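Hello,

Here is the structure I promised to pass on to you. Have a look at it first, and then read on for what turned up in it.

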Amino acid sequence: MATMGYSAEDELLIGREFDELMAHCKKICKREGDEELIRRAFELAKLAHQGVKRRSGEPYIMHPIAVARICVDEIGLGVKSVVASLLHDVVEDTDYTLTDISTMFSPKIASMVDGLTKISSATSAETSEQIESFRKVLLTLLDDVRVILIKIADRLHNMRTLSAMPPEKRIRISSETMYLFAPLAYRLGLFIVKSELEDLSFRYMHPDQYAEIEQKIAATSVRRKEFIDRFNAPIIEKLRSVGIDFEISGRVKSAYSIWNKMRKKQIPFEEVYDLFAVRIVFKPTPIVPEKTQCWHIYELVTDIYASNPDRLRDWINNPKANGYEALHTTVMVPSEEGEGTWVEVQIRSERMNDIDEHGLASHWKHKYTPEEVSATDINFDVWLKNIREALSSPTDNAVDFLDNFQRSLYTSEIVVFTPKGEIRKLPTGSTVLDFAYDIHSKLGAKAIGAKVNHTMASIYDELHNGDQVDILTSEGVNPTLEWLDHVITAKAKQAIKNFLKRYRQNNIERGMTQFETRMQELGITPSARVFRKVLPAYGCKTKDEFYSKLGAEMFSLENIQEILRQNSAMKLLKFWTFFVKDKDDDDNFTQNQSGSIEDDRSQFDVAECCTPIPGDDVTGYKDPKTGRIIVHKTTCHELRRLAAQRGKNLVKNIQWSSYKEVSYLTVIEIQGIDRMGMLLDLSQVITGQHNINIRELKLQSHDGIFEGYISIYVPNTEDLAKVINRIKQIKGIERVTRRENSVENG
Ligand code: MN
């Protein structure tokens with residue numbers, strides 16, 4: 001039996017919840033079989049999820065039912081979406097496959113469920129690979145906006161029931177909601193859902209602040225209600241007297257938006273002046289356009305209260321990109337105590353209000369005049385198109401992409417014009433370059449300047465609302481790295497990056513040919529050893545860098561012969577050490593040297609007190625603990641002190657000796673916290689190692705951190721390891737690594 005997994009009590013609960021869903025679906029079930037379809041989806045989901053409980057203890061099926069309810073009631077979606085939301089977790093969590101869904105329902109439903117399944121695993125992405133897959137998922141999702149809307153409904157229900165989750169999960173889910181889902185809801189025009197998502201996230205991320213604000217809102221509610229009633233009274237009287245059918249309400253802003261304002265302006269709760277807004281929603285009369293009626297009400301209100309023209313927001317002639325339409329004005333309420341209070345008044349028609357509350361779904365639902373619907377739909381289509389373009393071009397950095405996408409959800413827009421008067425919408429802060437790229441990436445790539453409102457402007461100049469922009473081009477222009485700092489749209493960024501990448505590749509090829517030709521002329525085979533000399537000489541780390549800089553004519557190969565001659569990566573270096581002269585037989589010296597000099601060398605240390613250099617008269621002192629011979633200047637005071645205590649440990653017949661060793665140039669990269677004396681400590685540690693020679697030491701410090709490299713000559717890896725170890729012990733050093741030789745594997 002299909003329902004064996006549920007207790008009688010659960011059956012009752014589920015049945016009641018589903019009946020309610022069906023009651024609410026009545027209004028969307030217009031075709032025959034619609035109700036049957038929803039019922040079948042419910043039965044399948046119930047069967048598939050049986051035996052599974054949510055963390056709250058409820059049967060799992062309660063979740064898909066709740067999501068379906070949100071889709072119908074709060075987002076205004078239709079039958080297919082209800083079916084898909086009932087099935088949204090079936091493929092992910094149970095044994096049923098997409099093929100099953102496709103045969104039992106339809107390929108369309110299956111593809112919606114597929115989208116919902118994919119996105120749930122993609123948003124928990126942590127690696128860039130996962131984000132890359134998220135990008136691809138979004139791209140497919142955008143073909144059917146309903147899938148995103150259902151996903152938002154899913155998230156909303158999960159947020160509403162988040163208290164059942166363990167605390168660390170609450171934080172993670174809340175941050176993700178704040179980062180991605182709230183902006184997405186905003187962008188899709190779901191204002192109420194967006195506010196609730198933000199408030200819920202805020203509550204779990206900052207429980208104390210949330211509680212404090214809620215408490216203060218409650219504490220001031222009586223006084224506020226009185227104020228609003230007093231404020232509304234003359235408006236109500238006036239509007240009624242001219243026969244306008246309307247409703248007026250004063251609503252408090254959400255806890256999150258109040259907190260946001262406190263944080264942004266660094267003010268206490270008491271100083272947030274626009275805690276609430278008064279909203280007038282009117283039923284338009286036929287014949288007179290909605291717009292005109294909005295302005296009429298605006299006039300009536302501003303006849304009563306003085307308005308601040310700087311704070312007038314006209315989203316009727318210029319709807320927000322997410323479809324929002326309304327007229328906002330801020331008016332002054334005089335008070336006896338002198339300082340008045342500013343109150344925001346929002347004026348909108350019932351249709352505008354519905355769109356504000358329920359977002360895009362209302363666009364499809366409402367059948368008002370075609371012009372009204374199409375204006376907002378076009379806005380949304382433009383956004384979708386831009387996102388699609390940004391998504392479909394390849395990116396190097398998936399994290400960048402996600403950030404760009406996220407930002408694109410919130411940006412406000414400006415309207416600018418082409419020379420022919422065509423409207424383009426761009427995010428606020430866009431530059432001439434953004435505009436050029438928005439029109440075409442080829443136009444962007446050749447832009448050299450513009451005429452903005454018939455006046456010359458640079459490609460970096462920021463555009464403003466209403467600007468008319470005529471791009472000037474030149475064949476000699478090419479995008480540069482600097483351009484990236486002067487564009488904000490994802491489209492322009494991507495196009496510039498793509499160009500630079502291609503450009504670099506071309507340069508690499510050109511540089512490679514140049515180099516090979518030159519080598520041939522000189523009769524040199526470009527071996528690894530050649531690169532080991534050439535790369536550092538031109539300040540390049542990799543072959544690619546070398547070729548691309550050469551190809552871009554950043555340097556020439558004029559003096560390459562000289563470079564190859566000098567500056568060898570391998571050297572015979574002269575080192576100094578000591579030897580103990582046999583008292584009796586001077587001839588033994590030669591034998592000693594050829595015999596065990598390697599061992600001898602390692603038993604000497606240079607005394608730190610007097611640091612003798614080759615040529616000084618020296619005397620050794622054998623450390624009784626380590627058995628090593630410390631070599632002092634013969635005149636050293638410390639040595640005298642030691643001699644007085646333990647005269648028998650002195651080693652008198654010590655002499656300087658030199659030897660030669662093949663050494664190889666190696667580069668060590670270091671990073672750490674900058675402090676006084678770092679350079680000194682570094683050079684001392686390295687030169688303290690007898691057979692290491694510094695060729696170059698470069699440190700760069702910024703913001704208390706330094707980075708740099710040391711090129712040294714070392715005879716073998718053992719000595720290199722010793723140096724690296726000793727550098728690591730220096731206070732402040734964070735990282736020491738040997739630069740991998742990019743020459744062989746470049
Ligand atoms: Mn779910």
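A good place to start is helix α27 (residues 637–645), which lies across β14, β15 (629–633) and β16 and runs at about 125 degrees to β15. Please keep in mind throughout that this is a predicted model.

The strands under discussion belong to an open sheet of 4 strands, in the order β13-β15-β14-β16, with mixed pairing. Its edges are β13 (604–606) and β16 (650–651), each of which pairs on one side only. Strand β14 (residues 618–622) pairs with β16 in the antiparallel sense, over 2 bridges. If you want a spot to click on there, Gly 620 stands opposite Val 651 in β16.

Stepping back for a moment, the protein chain has 30 helices and 20 strands. Of its 746 residues, 45% are buried. Taking contacts between residues at least 6 apart in sequence, 66% join residues at least 24 apart.

Next, the metal site. Which residues are the protein donors of the manganese ion? They are His 63 (NE2), His 88 (NE2), Asp 89 (OD) and Asp 154 (OD), and they lie 2.2 to 2.6 Å from the ion. Along the sequence the donor residues follow the spacing H-x24-H-D-x64-D. His 63 sits in helix α3 (residues 62–75) and Asp 154 in helix α9 (residues 145–160), so this pair, 91 residues apart, links distant parts of the chain. His 63 counts as buried because its relative accessibility is 1%, under the 20% limit. Asp 154 is buried too, with a relative accessible area of 5%.

Now for the nonpolar interior. The largest nonpolar core has 40 residues, and Ile 213, Phe 231 and Ile 280 touch the most other members. Several elements supply at least two residues each to this core, among them the helices α12 (207–219), α13 (221–241), α14 (255–265) and α15 (290–304), and the strands β1 (246–252), β2 (276–282), β5 (327–333) and β6 (341–349). Leaving out residues up to four places away in sequence, Phe 231 touches Val 278, Tyr 305, Val 331, Val 333, Val 343 and Val 345. Apart from this core lies another, of 31 residues, which includes Tyr 6, Met 22, Cys 29 and Val 91.

Helix α22 (residues 490–522) is also worth a look. This helix has 33 residues and reaches 47 Å from its first C-alpha to its last, close to the 48 Å expected at 1.5 Å a residue. Its buried residues include Phe 499, Leu 500, Asn 507, Ile 508, Gly 511, Phe 515 and Met 519. Just after α22, Gly 523 takes a positive phi of about 70 degrees.

Two of those buried residues come up again at Ile 560, which is in helix α25 (residues 560–565). Is Ile 560 buried or exposed? Its relative accessibility is 0%, so Ile 560 counts as buried. Beyond its neighbours within four places in sequence, Ile 560 is in contact with Phe 515, Arg 518, Met 519, Leu 522, Val 534 and Tyr 538. Ile 560 and Lys 533 are 27 residues apart in sequence, and their C-alpha atoms are 9.8 Å apart in space.

Happy exploring, and best wishes!

Definitions and conventions. Residues numbered from 1 in each chain as written. Predicted model: local features only at pLDDT ≥ 70, side-chain atom pairs only at ≥ 80, totals over all residues. Heavy atoms only, no water. Core = buried A, V, L, I, M, F, W, Y, C linked by side-chain atoms within 4.5 Å. Buried < 20%, exposed > 50% of the residue type's maximum accessible area, 1.4 Å probe, protein only. Contact = heavy atoms within 4.5 Å. Donors = N, O, S within 2.8 Å, 3.2 Å for Na, K, Ca; no water. Pairing = 2+ DSSP bridges. Axes fitted to C-alpha atoms, helices over the stretch in contact; angles between N-to-C directions. Expected span 1.5 Å × (residues − 1).
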